[in-house]
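Thanks for coming, everyone. Please have the structure open in front of you. I will keep this brisk.

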Amino acid sequence: MASNKKTSEETDAAALTGAEQIRAVQSAGNVKLTPAQIRTYLGAAGIPFPSTQVPSADANTLDDYEEGTFTPTLGDGTNNYTLSFAEGSYTKIGNQVIWHALLIWTSIGSAGASQLRMGALPFTSSAVGNITYSAWIGSFDGLDTTATLNQIMPRVGTNSTACFFNRANDNAAATNLAANSSSASGGIQLSGVYRT
Amino acid sequence: MLARTIIDRIEIEPQTGNVGVGMKKQVLADDGVTVLSEQFHRTMLAPGTDAADQMSRVNVHLGMMGFPAVKTEDRAVLDTALGAIETLRSAKLAEALEAEAAKA
């Protein structure tokens, strides 16, 4: 049977008043908030951020948080598929955007051979060296894997609002997945993370 | 209760030419003024994007989520802003082409 007896540390923490706990945290050097700020935050339902980001150049400062939805597109960058369902959601934490999307198409329209891409991500990605940003597919129907079932690899480019699709090849460079190679109808569910 | 979708922000990114459109999906009290709750919706318009087509897609998506199309007045402001941005883009492009021609 589990003991109900509190440890000495738990007893000590419970014995402290709110202000004393704040001072204890501050003296430990774990946070840089003032007591007034902490009291405000403790009284609210969570930590509020301004709806418009106030960017900080300090790499140790969390300066943004936002949850929302976005409307993705699918096509060759000029000609879009006809989508019966296009839904995206995102959460931005600092400079990281975590996103999820579900797209179902009923026609590929007049999409050409240019690389298939999902457009209209909620924010523009940043350029950090040569880094591009990984995304991953949960499931799909109607993408051209070829008869050898090559893996489809999505990634978000730099300075971009689009997620591009490549097809893996055995011991060879990946191929751009042509937007006009998809089936007449299909669907894809994918997620990713990128930096702004 | 009433619902509406407003454009909250129009963000111009000079480095990429992208235009970010930040919207708010709001639920209002019966007085039509008091905001009971609001959620964000975003879309990005890269250069060359058919903005009218993209905003139509946004409106369809908003409808699926139970919100009306973007407020007409806000949409007019966006269209005006996009028109001005396109004019600036064209002017910058012409300037760059002239500079290239002068070098040659």
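I will go through aromatic pairs, then a surface patch, then the strands behind it.

One point before we start. This is a predicted model.

So, aromatic rings. How many aromatic pairs does the structure hold over all chains? Four. To describe such a pair, we give the distance of the centres and the angle of the planes.

Take Phe49(A) and Tyr65(A). Their ring centres are 6.4 Å apart. Their planes meet at 35°, so we call the pair tilted. Why tilted, and not stacked or edge-to-face? Because stacked needs planes under 30 degrees apart, and edge-to-face needs over 60.

Now, where do these two sit? Phe49(A) lies in the loop between α3 and β1 of chain A, and Tyr65(A) lies in strand β1. The two parts are 16 residues apart in sequence, so the pair ties them together. Look at exposure next. Phe49(A) is partly exposed, at a relative accessible area of 26%. Tyr65(A) is also partly exposed, at 35%.

Next pair: Tyr133(A) and Tyr194(A). This one is tilted too, with 6.5 Å centre to centre and 55° between the planes. Tyr133(A) belongs to strand β6, residues 133–141, and Tyr194(A) to strand β10, residues 186–195. Here the parts tied together are 61 residues apart in sequence. Are these two tyrosines buried or exposed? Both Tyr133(A) and Tyr194(A) are buried.

One more ring, with a different kind of partner. Lys92(A) has its charged end over the ring of Phe123(A), 5.5 Å from the ring centre.

Now back to Tyr65(A). Which residues join it in a nonpolar surface patch? Leu62(A) and Ile93(A). Together the three have about 270 Å² of accessible area. Ile93(A) is partly exposed, at 36%.

That brings us to the strands. Ile93(A) is in strand β3, residues 82–93 of chain A. Tyr65(A) has Ile93(A) as its bridge partner in β3(A). So much for one contact; what about the two strands as a whole? β1(A) and β3(A) run antiparallel, joined by six bridges.

β3(A) also pairs with strand β4, residues 96–107. Those two run antiparallel as well, with eleven bridges between them. Find Tyr90(A), and you will see Trp99(A) of β4(A) opposite. β3(A) and β4(A) make a hairpin with two residues between the strands. Within that hairpin, Gly94(A) takes a positive phi near 60°.

Last, a general point for your own viewing. Side chains in a regular strand alternate between the two faces of the sheet.

How values were computed
Residues numbered from 1 in each chain as written. Chains lettered and ligands numbered in written order. Predicted model: local features only at pLDDT ≥ 70, side-chain atom pairs only at ≥ 80, totals over all residues. Heavy atoms only, no water. Phe/Tyr/Trp six-rings, centres within 6.5 Å; stacked < 30°, edge-to-face > 60°. Helix = DSSP H or I, 4+ residues; strand = E, 2+ residues; numbered from the N terminus. Buried < 20%, exposed > 50% of the residue type's maximum accessible area, 1.4 Å probe, protein only. Lys NZ or Arg CZ within 6 Å of the ring centre and 35° of its normal. Patch = residues over 30% accessible without salt bridge, like charges linked within 9 Å, V, L, I, M, F, W, Y side chains within 5 Å. Areas by Shrake-Rupley, 256 points an atom, 1.4 Å probe, with all protein chains shown as cover. Salt bridge = Lys/Arg side-chain N within 4 Å of Asp/Glu carboxyl O. Pairing = 2+ DSSP bridges.
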